[in-house]
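The following exercises concern one molecular structure. Please study the sequence and the model, and attempt each task before reading its solution.

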Amino acid sequence: MNPFQKNESKETLFSPVSIEEVPPRPPSPPKKPSPTICGSNYPLSIAFIVVNEFCERFSYYGMKAVLILYFLYFLHWNEDTSTSIYHAFSSLCYFTPILGAAIADSWLGKFKTIIYLSLVYVLGHVIKSLGALPILGGQVVHTVLSLIGLSLIALGTGGIKPCVAAFGGDQFEEKHAEERTRYFSVFYLSINAGSLISTFITPMLRGDVQCFGEDCYALAFGVPGLLMVIALVVFAMGSKIYNKPPPEGNIVAQVFKCIWFAISNRFKNRSGDIPKRQHWLDWAAEKYPQLIMDVKALTRVLFLYIPLPMFWALLDQQGSRWTLQAIRMNRNLGFFVLQPDQMQVLNPLLVLIFIPLFDFVIYRLVSKCGINFSSLRKMAVGMILACLAFAVAAAVEIKINEMAPAQPGPQEVFLQVLNLADDEVKVTVVGNENNSLLIESIKSFQKTPHYSKLHLKTKSQDFHFHLKYHNLSLYTEHSVQEKNWYSLVIREDGNSISSMMVKDTESRTTNGMTTVRFVNTLHKDVNISLSTDTSLNVGEDYGVSAYRTVQRGEYPAVHCRTEDKNFSLNLGLLDFGAAYLFVITNNTNQGLQAWKIEDIPANKMSIAWQLPQYALVTAGEVMFSVTGLEFSYSQAPSSMKSVLQAAWLLTIAVGNIIVLVVAQFSGLVQWAEFILFSCLLLVICLIFSIMGYYYVPVKTEDMRGPADKHIPHIQGNMIKLETKKTKL
């Protein structure tokens, strides 16, 4: 018998042998057959596993869908910080599967690992939901709770990721391989179903439901948390009927040990007297003779993985940068009003459409044209499609910026004049540089058609204004600071007029939200109820309220009251991205009414313009991701499948780290950042194509046969020495 013949048992490959004689084990009792679904060959236990996976994916994708807006609007982080933390969380979710696999294979087994890490998962959701309650502490408390919750969620979702699918496969007997294949199809369908439904529903829970006077992030995080509780309960319910294989040893750890031993052994034997070996991994033959050929085949595939993280860097920005782009677009489609984070639903929806479309139509047409569309070529085309998607995203971003109001630069301010007096007023800015501004008189309740740009000599400056009203000539002085927007409000003051300068800075940082504020010309305080949870008080005699965020929609009758009177105001349509100023006046003929001024115009570019970039990047994902995994599995031995899965997940983790670094340190405007990612992936695609050109695919029949055909002949007694210490 060859001492290095491949071991077909499920025991750990190398295990210590006791010197003492092992007593014979008593015969195992006959195994009770597992209950099946309706008399078929499908074990009943897989129903619990599929439902568990659906609920867990709903939980994960639903929470993640609203995460970037939670950072931006609830924790008040800027876009770059929000993007960085979002991708740090995503990266952690793809690093932790290695830990989960190690725990399952080496210590607890798959069942206990899923149970214990699901408890961690649920705890993370609870803490995350508590961190979204406005009444629970301040921003520091919310931030700490959020980061703790996200860390636990990353550990939970990543830890169970490699276990659940494999545990479902363990429920089938070897003679039911066909049913097991169909099970995996249903399993991955449940993943897409959970993702599709949750990315549509959770943004509605956030945006369409108000709690504590603002978007209900606590509900948007709480419902996914509840689904994770259901996932855990359903999985635990099947405990008595599961087939629970014991831990079998972690092959990933064995591969790392083999590679490390080869490197260290080569370093120790670097003398010229020692004969060289054909491959650097042959230096591990003394300790890992059976593993060497499998690891050699593995390293050939892993070499092709080096360029892959760049693709994931682009693909995973759908939930961050593309969502941030969507908030600056008009989301009214006519028949339906989308939330900005709801656009992510296009990805799982298009995946379900594109996979059969590519498999049964496009690939077959290409094949009939006589084109050899190999797996590596499909992956390269997938990269090119992702490049095009980000080029389209950059074009959309440029168009959005063109439609947006201009921004004041250094030593500049923007000024508008609001004339609330009963007659026209002539306003002149005193000074050599700005005296040409505001030449025409401003009629009563006429807003200047646009903001005027004033140039400052320093970062802050006092401006002198000359006001001419009837036969009166007045001079007034106001202080301004650079890079801000201001409204000069002119009002009646007995038989004369006066002015006040109102800073508009807050309105320029709404990031696509609809905001309103009020000027009260009445002689009494006014309380305004914008919704059941949102109200504000405006002081008497030209009091100015702060900006308040409201839902987009029609407001035909907003309830208001003074100390002795109730009345309603018609605010009309408050559209996406606009900032409105309402002046409450008492007109003799028409009674109390609101004069509406649009400080910031509404978003004009439709969110439907994001559809091409989603279609391109999803087509790229289908060609790259699905093909890449199939190709990898076809090129490596069956014993290396789990290692390839771990390496594949690591490329996704590294891709998210790339986004984190670029977002935090590039300092580029958004359209330029999109172009940067597109160009980087194009360069990577070229490198990958060159690597693929020189790669020689391994045919299935050429995969590893008997181990003795591959083990190199090594001089000396080292192999014999090692075989005495191990049981094969």
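**Exercise 1: Two packed helices**

Helix α2 passes helix α3 in a right-handed crossing (the near helix is turned clockwise from the far one by less than a right angle). The structure is a predicted model, in which local features need pLDDT of at least 70 and side-chain atom pairs count only at pLDDT 80 or more, while totals for chains, interfaces and linings use all residues. Residues are numbered from 1 along each chain as its sequence is written, and side-chain values use heavy atoms, with hydrogens and water left out.

Task: describe the packing of α2 and α3, and state which residues make the contact.

Solution. Begin with the elements: α2 covers residues 67-74 and α3 covers residues 79-108. Helices (H or I, at least four residues) and strands (E, at least two) are DSSP runs, numbered from the N terminus. Next, take the geometry: the angle is about 145 degrees and the axes are 9 Å apart. Axes are lines fitted to C-alpha atoms, for helices over the stretch in contact, and angles run from 0 to 180 degrees between N-to-C directions. Then list the contact (heavy atoms within 4.5 Å): α2 contributes Leu67, Ile68, Phe71 and Leu72, and α3 contributes Glu79, Ser82, Thr83, Ile85, Tyr86 and Phe89. Finally, sort by class: seven residues of this contact are nonpolar, two are polar and one is charged. Here Ala, Val, Leu, Ile, Met, Phe, Trp, Tyr, Cys and Pro count as nonpolar, Asp, Glu, Lys and Arg as charged, and the others, Gly among them, as polar.

**Exercise 2: A mixed sheet**

Task: give the strand order of the open sheet that contains β5, and explain why one side of β5 and of β9 has no neighbour in the sheet.

Solution. The order is β5-β3-β8-β9, with mixed pairing; two strands pair if DSSP finds at least two bridges between them. β5 (452-455) and β9 (496-503) are the edge strands with a single partner each, so one side of each has no neighbour in the sheet. On average, neighbouring strands here are turned by 30 degrees against each other, direction ignored. Within the sheet, β3 (residues 412-419) and β8 (residues 484-493) are parallel and share seven bridges. Leu418 has Val489 of β8 as its bridge partner.

**Exercise 3: Strand β6 and its partners**

Task: state how many bridges join β6 to β4 and to β7.

Solution. First, β4 (residues 425-430) runs antiparallel to β6 (residues 460-469), with six bridges between them; Val427 is paired with Leu467 of β6. Second, β6 and β7 (residues 472-481) are antiparallel and are joined by ten bridges, with His466 opposite Tyr475 of β7. Third, two residues lie between the strands of the β6 and β7 hairpin, where His470 takes a positive phi near 55 degrees.

**Exercise 4: An antiparallel sheet**

Task: which strands stand at the edges of the sheet β12-β11-β16-β17?

Solution. This open sheet of four strands has antiparallel pairing. The edge strands are β12 (535-538) and β17 (566-569), each of which pairs on one side only. From one strand to the next, the twist averages 25 degrees. β11 (residues 526-529) and β12 are joined by four bridges in the antiparallel sense, and Ser529 has Ser535 as its bridge partner in β12.
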